[in-house]
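Subject: Structure for your files

Hello,

Here is the structure we talked about. Please open it alongside this message, since the notes below go through it residue by residue.

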Amino acid sequence: MSGNPLTSKIAAPYARALFDFSVEKNIMHQITADFQNLDIFLEETPELLEYLTNPIVKQEVKSGILTKTLKSQLNTETFNFLMVLVERDRINLLTSVIDAYLELIYQTASIKMIEVSTASAFTNLQKDTLIQKLKELTNAREIRLVINVDPSLIGGFLIKTESKVIDFTVKNQLQKLAKHLDTVLEI
């Protein structure tokens, strides 16, 4: 959800073009499923992503690796799109293109991506309760949470949407208390 703004800016037209193409050809569901699965696959195999983004590796080799590993797993149009990224030397943008494409899909489907940082992992009940509250607050049909565990927050959680940051962390409360004490004690 967060990343290099320049990379995101370069990836956006590729994502938009694929989105428009998928709508025109009525294959949005297949490409979306491919990208969701590919996102998980790349997260689980960081060495493949490192190899694909390595500028020293030749385009033909990258094409061969993608053909061997992914061609049978992906829709033809999704695979062809990956080959376009390789040919244009933009395969290094793959994760950003995936993120941008899925963001377009989620906007279209009224699905909100919300990033939550928490001091400790949520239970399923806590996660479900948070999703329900966020649905009410955002009027979204569906909520997709990206959960980051950050023990430095001490307790509580931090919610980030496109336009808002809501901080319920103990760390934030302690910082506010420290500022207040500083102003009170400077008398």
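To begin with the surface: I154, V170, L174, L177, L181, V184 and L185 together make a nonpolar patch of about 630 Å². Please bear in mind throughout that this is a predicted model, and that the values below are computed from it.

One member of that patch, I154, sits in the loop between β2 (142-149) and β3 (157-160). The relative accessibility of I154 is 55%, above the 50% cut-off, so I154 counts as exposed.

N172 belongs to helix α8, which covers residues 170-185. With a relative accessibility of 13%, under the 20% limit, N172 counts as buried. Along the chain N172 is 16 residues from G156, and their C-alpha atoms are separated by 9.4 Å.

Next, the helix packing. Two pairs are worth a look on the screen.

Helix α1 (residues 5-24) packs with helix α2 (residues 28-44) at an angle of about 140 degrees, and the two axes are 8 Å apart. An angle has to be over 145 degrees to count as roughly antiparallel. At about 140 degrees, α1 and α2 are therefore oblique to each other. On the α1 side the residues that meet the partner helix are L18, F19, S22 and V23, and on the α2 side they are M28, I31 and F35.

For the second pair, helix α3 (residues 46-53) and helix α4 (residues 59-70), the axes cross at roughly 150 degrees and come within 9 Å. That angle makes α3 roughly antiparallel to α4. From α3 the contact uses L48, Y51, L52 and T53, and from α4 it uses V61, K62, I65 and L66.

Helix α4 also holds L70. This leucine has a relative accessibility of 5%, so L70 counts as buried. What does L70 touch, leaving aside its neighbours within four places in sequence? The contacts of L70 are L38, F41, F79 and L82. For one of these, L38, the separation from L70 is 32 residues in sequence, while the C-alpha atoms of the two are 8.9 Å apart in space.

Last, the charged pairs. How many salt bridges does a search of the whole structure find? The search finds two.

- R16 with D20: the closest N and O atoms are 3.3 Å apart. Both residues are in helix α1, four residues apart, which is about one turn of the helix. R16 counts as partly exposed at 38% relative accessibility, and D20 counts as partly exposed at 39%.
- R144 with E142: the side chains meet in a salt bridge with an N to O distance of 3.1 Å. R144 has 28% relative accessibility and counts as partly exposed. E142 is partly exposed too, with a relative accessible area of 27%.

If you want a route through the model, you could start at the patch that includes I154 and L185, then turn to buried N172. After that, go to the α1 and α2 pair with its angle of about 140 degrees, and on to α3 and α4, which cross at roughly 150 degrees. From there L70 in α4 leads to its contacts, among them F41 and F79. The salt bridges R16 with D20 and R144 with E142 can be left to the end.

Regards

Key: Residues numbered from 1 in each chain as written. Predicted model: local features only at pLDDT ≥ 70, side-chain atom pairs only at ≥ 80, totals over all residues. Heavy atoms only, no water. Patch = residues over 30% accessible without salt bridge, like charges linked within 9 Å, V, L, I, M, F, W, Y side chains within 5 Å. Areas by Shrake-Rupley, 256 points an atom, 1.4 Å probe, with all protein chains shown as cover. Salt bridge = Lys/Arg side-chain N within 4 Å of Asp/Glu carboxyl O. Helix = DSSP H or I, 4+ residues; strand = E, 2+ residues; numbered from the N terminus. Buried < 20%, exposed > 50% of the residue type's maximum accessible area, 1.4 Å probe, protein only. Axes fitted to C-alpha atoms, helices over the stretch in contact; angles between N-to-C directions. Parallel < 35°, antiparallel > 145°, perpendicular 65-115°, else oblique. Contact = heavy atoms within 4.5 Å.
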